[in-house]
Amino acid sequence: MKVLFLLLTLLAGIPQLPDKHHIDSVALARLDAMLENYTGAIRTESVQVKSAECDFLISSVRDSLTTRHIALWLYDHYKESELMGDEAVAIYVYDNWFKTGTIAMRSEFDRLEADIFATFNRNTLLGMKAPVVDLYGPCGRKVRIPQDGTHSILFFYDTSCGKCQLEARVLPGILKTVTFPARFYAVYCGQSKKEWRRFRRSFKSGNRSVSIVHAWDPEMTSDYLRLYGVINTPRLYITDTDGEILGRRLEAESLAEIIQYINAYYGQKEKQ
């Protein structure tokens, strides 16, 4: 009932202006506050529910200026959301309202940027099967990632990336806490064999439950950058034993939390 009340309040307060007029800043501020309040009320709902609500909100006004403002606000909100999984809603809004040409983005550059965002994220959304790609190990043999049967942690990094260096120092400590069978795929996104060799020598887990697999694809023939949305580094993912994505674009702290949940699950399973 609370959400329904918020929705009715929001719709009642949306300014309905002819296309030739501009929406004044006061009305926009009031509308943005209502949208913020409403999206906050459905924060814990599924991607499907949020996407359906976006459709309803965008199509519930009569003038194109307000429709466009709401669509852009919702796209920006879910694209920049800190809640993992919300990017799927942004992609949905882009695909159904902007990509189709129903609503125009702010500029051609913004449309291109949104298209890149959708292209580099649509293959690795939460709950999806992680893309399977063939990379190469240190000896030049093919390495397929991820593989079914164990949980997989995928770390895309570059040795010249400062944040990658910081996470590479933190990750071994996190991997030591793993109590279930897992593979850690360290995917080097650079070009220097010397730097890659140095990283491999320094990165150790010290946990027999975790197998460390080093891989790279210097010729980029696997298209892994697009498939895993590696626009920049680092990128961290974790998958279930069947390859389902449990966490994406993670920070090291978030990965540690997910690992603790999986540890607890296996601990309870062993007691049964």
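Glu 108 and Arg 111 are joined by a salt bridge in which the closest N and O atoms are 3.0 Å apart, the term standing for a side-chain nitrogen of Lys or Arg within 4 Å of a carboxyl oxygen of Asp or Glu. Both residues belong to helix 6 (residues 108-119), where they are 3 residues apart, about one turn of the helix; helices here are DSSP runs of H or I with at least four residues, strands are runs of E with at least two, and both are numbered from the N terminus. The model is a predicted one, in which local features need pLDDT of at least 70 and side-chain atom pairs count only at pLDDT 80 or more, whereas totals for chains, interfaces and linings use all residues. Residues are numbered from 1 along each chain as its sequence is written, and side-chain values use heavy atoms, with hydrogens and water left out.

**Charged pairs**

Side chains of opposite charge can pair when their charged atoms come close. By the rule given above, the count comes to 11 salt bridges, and the table sets out three of them, including the pair in helix 6.

| Salt bridge | N to O distance |
|---|---|
| Lys 79 and Glu 80 | 3.0 Å |
| Glu 108 and Arg 111 | 3.0 Å |
| Asp 223 and Arg 226 | 2.6 Å |

The accessibility of the partners can be described with three classes, buried meaning under 20% relative accessible area, exposed over 50% and partly exposed in between, with a 1.4 Å probe and protein chains only. Glu 108 is exposed at 54% relative accessibility, while Arg 111 is partly exposed at 30%. Glu 80 is likewise exposed, at 55%, and its partner Lys 79 is partly exposed, with a relative accessible area of 24%. In the third pair, Asp 223 at 32% is partly exposed, and Arg 226 at 31% is partly exposed as well.

Lys 79 also has a contact with a ring, for its charged end sits over the ring of Phe 117, 5.1 Å from the centre; this description requires NZ of Lys or CZ of Arg within 6 Å of the ring centre and within 35 degrees of the ring normal. Arg 200 is placed in this way over the ring of Trp 196, with its charged end 4.4 Å from the ring centre.

**Aromatic pairs**

Trp 196 is also one of the residues that ring pairs link into a cluster, which holds Phe 155, Tyr 157, Phe 184, Tyr 188, Trp 196, Phe 199, Phe 203 and Trp 216. The structure holds 16 aromatic pairs, where rings of Phe, Tyr and Trp (its six-membered ring) pair if their centres lie within 6.5 Å, and planes under 30 degrees apart count as stacked, over 60 as edge-to-face and the rest as tilted. Tyr 75 and Phe 98 form an edge-to-face pair, at 6.2 Å centre to centre and 70° between the planes. Because Tyr 75 lies in helix 4 (residues 64-79) and Phe 98 in helix 5 (residues 87-98), this pair ties together parts that are 23 residues apart in sequence. Tyr 75 is buried at 3% relative accessibility, and Phe 98 is buried at 4%.

The rings of Phe 180 and Tyr 266 have centres 5.7 Å apart and planes at 15°, so this pair is stacked. Since Phe 180 lies in the loop between helix 7 (162-175) and strand 4 (182-188) and Tyr 266 in helix 10 (residues 252-271), the pair ties together parts that are 86 residues apart in sequence. Phe 180 is buried, at 1% relative accessibility.

**Nonpolar core**

Tyr 75 and Phe 98 return in the largest nonpolar core, which has 29 residues and in which Ile 58, Ile 70, Leu 74, Tyr 75 and Phe 98 touch the most other members. Such a core is a set of buried Ala, Val, Leu, Ile, Met, Phe, Trp, Tyr and Cys residues joined through side-chain atoms within 4.5 Å. The elements that give two or more residues to this core are helix 2 (25-41), helix 3 (47-58), helix 4, helix 5 and helix 6, and the largest share, 8 residues, comes from helix 5.

**The hairpin**

Strand 1 (residues 133-136) and strand 2 run antiparallel and are joined by 4 bridges, pairing of strands being taken to need at least two DSSP bridges between them. The two strands form a hairpin with 5 residues between them, and Gly 140 in the turn has a positive phi of about 90°. Tyr 136 stands opposite Lys 142 in strand 2. Strand 2 (residues 142-145) has Val 143 and Ile 145 on its covered face, and Lys 142 and Arg 144 on its uncovered one.
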